[in-house]
Amino acid sequence: NSSEPSPSFQLAGLPGLGAAQCWVGVPLCSAYVLAVAGNGAVLLAVRLEPSLHSPMYLFLCMLAAIDLGLATATVPRALSFYWLGSREIGFAACLLQMFLIHALSAAESAVLLAMALDRYVAICHPLRHAAVLTNGAAAKVGLLALARGVLFFLPLPLLLLPLPFCGSRLLSHSFCLHQDVMNLACANTTPSVVYGLTAILLVMGLDAVLICLSYVLILRAVLRLAAWRERLKVFSTCVAHICVVLAFYVPLIGLSVVHRFGKDLAPLVHIVMGNIYILVPAMLNPIIYGVRTKQIQRRILSLM
C-alpha cells in the first residue's frame, strides 16, 4: 500500500544496561575522536611534507579519508542513541547509512589491494616502479576504487526498498548493515541474499586473494636475496601494510561469521563486533603508519 509510511528501525544497545547506556557512548566517542585526530593528522602530514608526495602515501591518504567517512557515517548516529535516547532510525536514513558502509568498505579493500601491488612492483620490479606507479596513476586508482564500491553496492538498498517489514524492527547493531536489515523483511529475500553474497565475493573476496598472491610473489623475491639482513630490510617495508590489511580483514571476516553462524550468540557479541569492524581499522591505521614512517612522525611532531 503506497499510503503506508516508510518503516523505521530500532538501533540496538548493550543489553541489560537500561539508563546506564549513556556510559557506553564515552569509549565510543573517545575512539571516534582518536580516529578523526589520527587520520586527520596523517592527511595533513602528507599534504605538508613534499617528500611524502608519492603513490604509496597518496594511497595512505585515501585510506585515511575512507576511514573518516566510515566512522562519521556511523558513530555520530550511534552517539545520538546512547546520549540522547534517539533509538529510532528512518528507513531512508538506514538505507543510506548501509550503502555508505558497504561502498566505503569496498573502496578501502581496493586501496589496500593497490598498496599491495605498489609493494610488489617496488620489490620485484624496482626499475619500473617510478614509471608504472605515478601520482596520476594513484589518483585514477582511487577514483576507480570509489566508483567500483558505488556500482557494486548501490543495488543493495534498491533491492531492499520494495520489501515489506511487518515484524520486529530491532537491528543487531547501533548502525545499519545489509544482512541485518534484510533479515527483518517479511518477504522473499533470495535476490538480495544472492546479490549481496556475490558482491562481497567479487569485491572483498577477490581483493583478499590478489593481496595474498602479491605477497606470495614478494616473499619469493625476498627469499632469492642472499643475505638475511637484506631480506629483513626489504620485507620490513611491507610490515605496516600487512598490519593494516589484517586490521581491516580480520574484523570483516569476524563480523561476517557472526552474522552467518552466530544467530544464537548473545546480542552483546553482535554489537561489539560491529563497533570493532567500524572503529578498530580507523584507529589503528594512522598509528601503524605513524610508527613505521619517520617522515610522518617528524611532520606531526612539528605541527604539534
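Ile276 is partly exposed, at a relative accessible area of 30%, where partly exposed covers the range between buried (under 20%) and exposed (over 50%), computed with a 1.4 Å probe on protein chains only. The residue belongs to helix H11, which spans residues 267-292; helices here are DSSP runs of H or I with at least four residues, numbered from the N terminus. The structure is a predicted model, in which local features need pLDDT of at least 70 and side-chain atom pairs count only at pLDDT 80 or more, while totals for chains, interfaces and linings use all residues. Residues are numbered from 1 along each chain as its sequence is written, and side-chain values use heavy atoms, with hydrogens and water left out.

Not counting residues up to four places away in sequence, Ile276 touches Pro251 and Pro281, contact being defined as heavy atoms within 4.5 Å. The C-alpha atom of Ile276 lies 20 Å from that of Gly40, and 236 residues separate the two along the chain. Asn275 is also found in helix H11. With neighbours within four places in sequence set aside, Asn275 is in contact with Leu28, Ser174, Phe175 and Val280. Between the C-alpha atoms of Asn275 and Leu44 there are 26 Å, for a pair 231 residues apart along the chain.

Helix H11 also packs against helix H3. Two packed helices are described by the angle between their axes and the distance between the axes. For H3 and H11, the axes come within 13 Å and cross at roughly 30°; axes are lines fitted to C-alpha atoms, for helices over the stretch in contact, and angles run from 0 to 180 degrees between N-to-C directions. H3 and H11 are therefore roughly parallel to each other, given that angles under 35 degrees count as roughly parallel, over 145 as roughly antiparallel, 65 to 115 as roughly perpendicular and the rest as oblique. The crossing of H3 past H11 is left-handed, a label used if the near helix is turned anticlockwise from the far one by less than a right angle, with clockwise giving right-handed. On the H3 side, Ile101, Ser105, Glu108 and Met115 take part, and they meet Tyr277, Ile278, Pro281, Asn285 and Tyr289 of H11. Sorted by class, this H3 and H11 contact has six nonpolar, two polar and one charged residues; Ala, Val, Leu, Ile, Met, Phe, Trp, Tyr, Cys and Pro count as nonpolar, Asp, Glu, Lys and Arg as charged, and the others, Gly among them, as polar.

Glu108 and Met115 of H3 reappear around Leu63, a residue of helix H2. Leu63 counts as buried, with 1% relative accessibility. Beyond its neighbours within four places in sequence, Leu63 is in contact with Glu108, Val111, Leu112, Met115, Val244 and Asn285. The C-alpha atoms of Leu63 and Glu108 are separated by 6.1 Å, although the two positions lie 45 residues apart along the chain.

Helix H3 (residues 91-124) has a further partner in helix H8 (residues 190-223): the two pack at an angle of about 15°, with axes 9 Å apart. That angle makes H3 roughly parallel to H8. Their crossing is left-handed. Among the residues making the contact are Ser105, Leu112 and Arg119 of H3, together with Asp207, Tyr215 and Ile218 of H8. By class, 17 nonpolar, four polar and two charged residues form the contact of H3 with H8. Arg119 is buried, with a relative accessible area of 13%. Residues up to four places away in sequence aside, Arg119 touches Met56, Tyr215, Ile218, Thr237 and Cys238.

Turning to helices H1 and H2, their axes come within 9 Å and cross at roughly 155°. The two helices are therefore roughly antiparallel to each other. H1 passes H2 in a left-handed crossing, and their contact has 21 nonpolar, four polar and one charged residues. Ala45, in helix H1, counts as buried at 0% relative accessibility. Outside its neighbours within four places in sequence, Ala45 is in contact with Leu52, Ile296, Arg299 and Ile300. Glu49 sits in the loop between H1 (25-48) and H2 (55-84) and, at 18% relative accessibility, also counts as buried. The side chains of Glu49 and Ser51 are joined by a polar contact of 3.0 Å, meaning a pair of N or O atoms within 3.5 Å; within protein, one must be able to donate a hydrogen and the other to accept it, and residues adjacent in sequence count only if both atoms are side-chain atoms.
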